[in-house]
Amino acid sequence: MKPHPASRDVVIAAVALIVVLAIPLFHRSPAFEDFIIRLSAMALFATSLNLPVGNTGMVSFGHGMFYGLGAYAFALMMQMTDLSLPVAAVLAVSITTLASFCVGAICVRLSTDYFAFITLAFQMLFYSVVISWQSLTGGDQGLRGGIPRREIFGFELSSQLHLYQFCSVVAVLGLLALRHVSTSPLGQTLRMIRDNEDRASFLGVVLWRARLLAFTIAGAFAGLGGVLAALFVSGAYPELADWPNSGQAIFAVMLGGINSFLGPALGAAILLALNDAVTRFTEYYGLVLGIVILAFAVGFRRGVLDFLRLAWPRSSK
Amino acid sequence: MDLDALGACLTTPACVVTQATSGLIVGMLLFLVAAGVTLIFGVLKIVNFAHGTFYMLGGYVAYSALGATDSYALAVLSATLAMALFGVVFERALMSRVYGSNVLMQLLVCYAVVLIFDDVVKIVWGPEFHAMGMPPAFQVPPLFIAGGVVPPFYAVLIVIAALIAIVLGLGLSMTRLGKTVRAAAINSQMVSALGINTTLLFAIVFAVGGGLAGLAGALAAPVRSLSPGMGFSILIESFIVTVIGGMGSIGGALVSALLIGMVRAFGTIGFPQFTDGLIYIVMIAILLLRPQGLFGRSP
Amino acid sequence: MKLEIRNLTKTFGGVRAIDDVSLDFPSGSLSAVIGPNGAGKSTFFNLISGAFPADTGQVLLDGDDVVRLSKTARMQRGIGRAFQVASCFPTMTVAENLTAAVTAHVGQWGNLSRRFPPPGVRERAGEVMELIGLSHVANVEAAILSHGDQKLLDIAIALALEPKVLLLDEPTAGMGPEERWRMIERVRGLWEQRKLTLIFIEHDMDIVFRIASTIRVLCYGRLLAEGTPEEIRNNQSVIDAYLGTEAHAE
């Protein structure tokens, strides 16, 4: 008797979460905890991007906008209002969802040929607003002044351990929700669109509606990632919404494996580790990253998890 | 927002001339870059995200060449040729390896090239801003047209870009190569079915695109400062130009580049805080009204 | 379901691809559409299925005109089609192709609240797979199926939508002689079991004359002849048209 696939996902998520939460009980390592906190934000960002990009075949190059928007919306609400942290987080994600719905509504109806162009242009519009609206966002200096630490459910997020626990829980729940989307009928429909949109529309799929849903959901979860990023940096920076950040997310998706659900998260982990290792030796991180990407794109050409799945076919199904 | 200032400018001939001239040079430089983007997209169906890097390197090459030779003409020429060559090498060594694969791979390769050369520029020329300064030949008193100030270099720049536009337009409509390029933009299978050497065609398209971007960088160097990352902002704007004008249309690129130039020049007066945003708003408005762009064929 | 075509016309840049064609396909009939290359056969199918709009004329399904409806709406009314070049979802397995098609057909494609596939869908997909004879490759990715199996899968996707009228554009295209006969026997089996109104385009005259109960001949967008295999075989204008173009082609 095979376990129900949905409960299998929940079990895997629970085990992963227990392991991550247990590690600090045995060994405290600030560097490792930092890494996991940053990874939780980045993994949500990259995995959510894979929904339009990998599942649907819509090449969005402006995903950083929603990551940045989530971070700014959350940080600003925490600084300017007395809302509790969960309420501010939910509101920030709602704002991001609305924004990605509006951007998506304009973009998905246009020719798919230049989807990447236009999503990038929207991101740069957002970026230029962030830079020029100094009184609100702090301009290119970023939003400073920190995020007021309000206790939630006995958690004190200024403690690194509590932040670590909070981010792990949010990230695992977020990934589980995204997993649910990708295994739902809509997820399958998105794959149909990627494979053969003409046939899909012949079968009754309303292409723009399915694409808009995918784009909106992706934006929402990128916003959630942005909230975690804002917690980590205690504020928000324009770099979160800048194009290299979108490029990094695309590389994370490709590096980990576009056809595997956990691929983007793995890619994000590898990329973060690479970043930490390289910046210790040189300030020219872009140069090193560029060379790594070229080696990957021209040589390896397939994401790590996709590669493993081909080597051991059907082991994951 | 300062609509009074904008109104005052629009009713003063001197201000109109000054702003229109600066709009023209912005638009013309943009056109040179966008023409390459639209050509490459038209023929190869590839969005070249590394195109801004060609422009940036063109500017830096011209800067060094001027230092070495003291001749601005030679500097412009060497930047153009160097970037044409760079375009071919980029196409042959990197892009041609990912033609068949996922669009994301092509995007990644471009992204990598942008990252690498931003850092290469930092290593070779340093991270700080450089000013090339006006070449000696143009250090003469400005022209005055209707009371507006027009530096002679601006006039020369506009004329050169206009000549290029004419040559490109004629080349595309009159020559065999140009006809092939236009045919490829409409139907890429047809071209390979006709037995045209696509390898050569693709390399030529990248050479022309790279050369134009290099030229734009060299022409921009005296009027703008050089910095690593300068390629990206013009890349975004040239994308906007391409989208507004209609993918693959050179005429559309010219018109929309000039439109963007003017929006920028007059927007600085009316909306000094929000000039960038203004351009995006123009783009979104045009896309909502005409999704295929001003001169694009409807699908 | 009865399909009637009335005065259907379509021009492309001044050329009449389909020129005032009127035809009846009685419910449960099995007919072939033949004609020389460029006769407008595929255009004819595209007009019936709604892939692009007709200039004038009517497409009547049991008496209802559907000519202004979208291809999706016509599909929902019961017009199914398979394509000349097999059209399926290459990265999915055969079973996934069909479950996805059934899911879309029952209007569940945008469902986010449950797992794929929705209840009952797998069973229906299984039936179609059984019917068309693809169960042995259920877990094979469509991209690596043989050419013939891909054509079958395309037909199976059309069948998953429970069509009443099924249009098959050259079901045997690109197959060897033996495979052709296997394919066409399967098609005939489907027609019998599902009580379909089946129309197919075919170039192999042996197959056409052996299988179809009625044959329609299109030439330069016009209906040249229609009748039983016997009548068509002896029709002088058909012989002229075919011999003429055949000779021309060679």
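So, chains B and C: they don't touch each other, and their nearest C-alpha atoms sit 13 Å apart. Keep in mind that this is a predicted model. Two pairs of chains do touch, and of those 2 the pair with the most contacts is A and B.

Let me take that A–B contact, then. On one side we have 38 residues of chain B, and on the other 35 residues of chain A. Which elements of chain B give two or more residues to the side that touches chain A? Those are helix H5, residues 103-125, helix H10, residues 230-245, and helix H12, residues 275-289. H5(B) has the largest share of that side, with 15 residues. And if you sort the side of chain B that touches chain A by class, you get 30 nonpolar residues, 4 polar and 4 charged.

Okay, over to the other contact, A with C. Here chain A puts in 24 residues and chain C puts in 26. On the chain A side, five helices are worth pointing at on the screen: H1 (5-26), H7 (160-183), H8 (185-195), H9 (197-202) and H10 (207-233), each supplying at least two residues. H8(A) gives the most to the side touching chain C, at 8 residues. The class breakdown for that side of chain A is 11 nonpolar, 8 polar and 5 charged.

Now chain A on its own. How many helices and strands does chain A have? The count is 14 helices and 0 strands, so reading from the N terminus you just go α after α to the end. Its C-alpha atoms fill a box of roughly 55 × 45 × 40 Å along the principal axes. For a compact globule of 317 residues you'd look for a radius of gyration near 20 Å, and chain A comes in at 19 Å, which agrees. Of those 317 residues, 53% count as buried. And if you look at contacts in chain A between residues at least 6 apart in sequence, 78% of them join residues at least 24 apart.

Before we leave chain A, have a look at A:Ser234. This one isn't a glycine, yet its phi is positive, about 55 degrees. Most residues other than glycine have a negative phi. Where does A:Ser234 lie? It's in the loop between H10 and helix H11 (243-256) of chain A. Buried or exposed, you might ask? A:Ser234 is partly exposed, with 17 other C-beta atoms within 10 Å.

On to chain C, and the sheet. It's an open sheet of 4 strands with antiparallel pairing, in the order E2-E1-E4-E5. Which strands stand at the edges? Strand E2 (15-25) and E5 of chain C do, and each has a single partner strand, so one side of each is left without a neighbour in the sheet. Between E1 (3-12) and E4 of chain C, which run antiparallel, there are 5 bridges. To see that pairing in the model, find C:Leu3, which stands opposite C:Leu61 in E4(C).

Packed on that sheet is helix H1 of chain C, residues 41-49, which touches E1, E2 and E4 of chain C. The direction of H1(C) makes about 65 degrees with that of E2(C). Why call H1(C) largely enclosed by the rest of the structure? Because 8 of its 9 residues are buried. Among them are C:Phe44, C:Phe45, C:Leu47 and C:Ile48, and also C:Lys41. Just after H1(C) you hit C:Gly50, with a positive phi of about 85 degrees.

Two more backbone spots in chain C. One is C:Asp62, with a positive phi of about 50 degrees although it isn't a glycine. C:Asp62 lies in the loop between strand E4 (56-61) and strand E5 (64-65). With 14 C-beta neighbours inside 10 Å, C:Asp62 counts as partly exposed.

The other spot is a peptide bond. Most peptide bonds are trans. The one joining C:Phe116 and C:Pro117 is cis, with omega at about -5 degrees. You'll find C:Pro117 in the loop between helix H3 (94-105) and helix H4 (121-132) of chain C.

Key. Residues numbered from 1 in each chain as written. Chains lettered and ligands numbered in written order. Predicted model: local features only at pLDDT ≥ 70, side-chain atom pairs only at ≥ 80, totals over all residues. Contact = placed C-beta atoms within 7 Å. Nonpolar A, V, L, I, M, F, W, Y, C, P; charged D, E, K, R; others polar. Buried ≥ 20, exposed ≤ 12 C-beta atoms within 10 Å, placed from the backbone. Pairing = 2+ DSSP bridges. Axes fitted to C-alpha atoms, helices over the stretch in contact; angles between N-to-C directions. Rg over C-alpha atoms; globule rule 2.2 N^0.38 Å.
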